[in-house]
Amino acid sequence: MLSIIAALNENYVIGNENKLIWHISDDLKRFKKLTTGKTIIMGRKTFESLPGVLPNRKHIVITKNLNYSRENVSIVHSIDEIIELKDTTEENFIIGGGEIYRALIPYCSILYLTKVHSNQTGDAFFPKFDENDYSIIATEKHGDYDFVTFKRR
Ligand SMILES: NC(=O)c1ccc[n+]([C@@H]2O[C@H](COP(=O)([O-])OP(=O)(O)OC[C@H]3O[C@@H](n4cnc5c(N)ncnc54)[C@H](OP(=O)(O)O)[C@@H]3O)[C@@H](O)[C@H]2O)c1
């Protein structure tokens with residue numbers, strides 16, 4: 001099974017210059033809680049935006065670069081290899097960024113979104129998606145942001 005975890009603002013912005021544009025510690029805690037012990041899947045740019053390999057998670061990085069190699073990271077060169085994981089029983093998390101969310105959202109069963117109430121601009125975006133294709137299965141309001149979990153109908 002494939003799920004997405006992402007934080008986006010009112011303009012669907014998720015980042016700028018290969019960085020996040022907010023620091024929400026509760027969001028980072030939620031990310032850690034949901035993904036620890038699981039496989040996390042990301043584009044090469046998102047991987048390079050991280051401080052390093054995150055503890056207790058299997059990392060899969062997608063790149064077209066056939067020479068790319070990093071310690072403790074599995075590398076794949078095609079989106080199709082990730083799509084195959086949709087038929088597994090365990091939950092695998094697509095953690096970004098924009099290119100990878102866009103390519104894989106059609107294959108994801110659950111979207112764990114943090115909707116940030118801001119309208120900053122940026123250069124990386126979450127794909128526009130039709131909320132009618134999903135049911136909301138959980139909502140947690142936190143003032144400046146909400147955690148909203150969507151399940152594909
Ligand atoms: N707010 C959030 O929840 C969140 C989460 C994650 C990331 N972000 C932000 O998102 C931004 C990064 O997103 P992005 O869209 O620029 O980059 P990205 O999706 O992280 O990575 C793009 C890279 O993935 C590889 N790739 C994409 N499609 C591929 C394919 N079909 N086959 C093989 N490789 C493929 C390519 O790597 P190569 O160039 O090596 O071939 C491409 O350059 C950053 O600002 C980051 O901070 C935000």
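A polar contact here is a pair of N or O atoms within 3.5 Å; inside the protein, one must be able to donate a hydrogen and the other to accept it, and residues adjacent in sequence count only if both atoms are side-chain atoms. Thr46 gives us one to start with: a polar atom of its side chain is 2.6 Å from a ligand oxygen. Keep in mind that this is a predicted model, where local features need pLDDT of at least 70 and side-chain atom pairs need 80 or more, while totals for chains, interfaces and linings use all residues. Residues are numbered from 1 along each chain as its sequence is written, and side-chain values use heavy atoms, with hydrogens and water left out.

**Touching the ligand**
- Lys64 joins in through its backbone, with an N or O atom 2.8 Å from a ligand oxygen.
- Ile14 also uses its backbone: a polar atom there is 3.0 Å from a nitrogen of the ligand.
- On its own the ligand has 940 Å² of accessible area (Shrake-Rupley method, 1.4 Å probe), and the protein covers 85% of that.

**The shell around it**
- There are 26 residues around the ligand (a heavy atom within 4 Å counts as near), and Ala7, Arg44, Thr46, Thr63 and Lys64 come nearest.
- Sorted by type, the shell has 10 nonpolar, 11 polar and 5 charged residues; Asp, Glu, Lys and Arg are the charged kinds, and Gly is put with the polar ones.
- Helices (DSSP runs of H or I, at least four residues) and strands (runs of E, at least two) are numbered from the N terminus.
- Strands E1 (2-9), E2 (13-15) and E6 (92-96), plus helices H2 (44-49) and H4 (98-104), each supply at least two shell residues.
- H4 gives the largest share, 4 residues.

**The wider chain**
- The UniProt record, an unreviewed entry, places the feature "domain: DHFR" at residues 1-153; such annotations may be inferred rather than shown by experiment.
- That span, residues 1-153, is 19% helix and 36% strand, and its end C-alpha atoms lie 15 Å apart.

**Backbone oddities**
- Look at the peptide bond from Gly96 to Gly97: it is cis, with omega near -5 degrees.
- Gly97 belongs to the loop between E6 and H4.
- Asn18 isn't a glycine, yet its phi is positive, at about 60 degrees.
- You'll find Asn18 in the loop between E2 and helix H1 (25-35).
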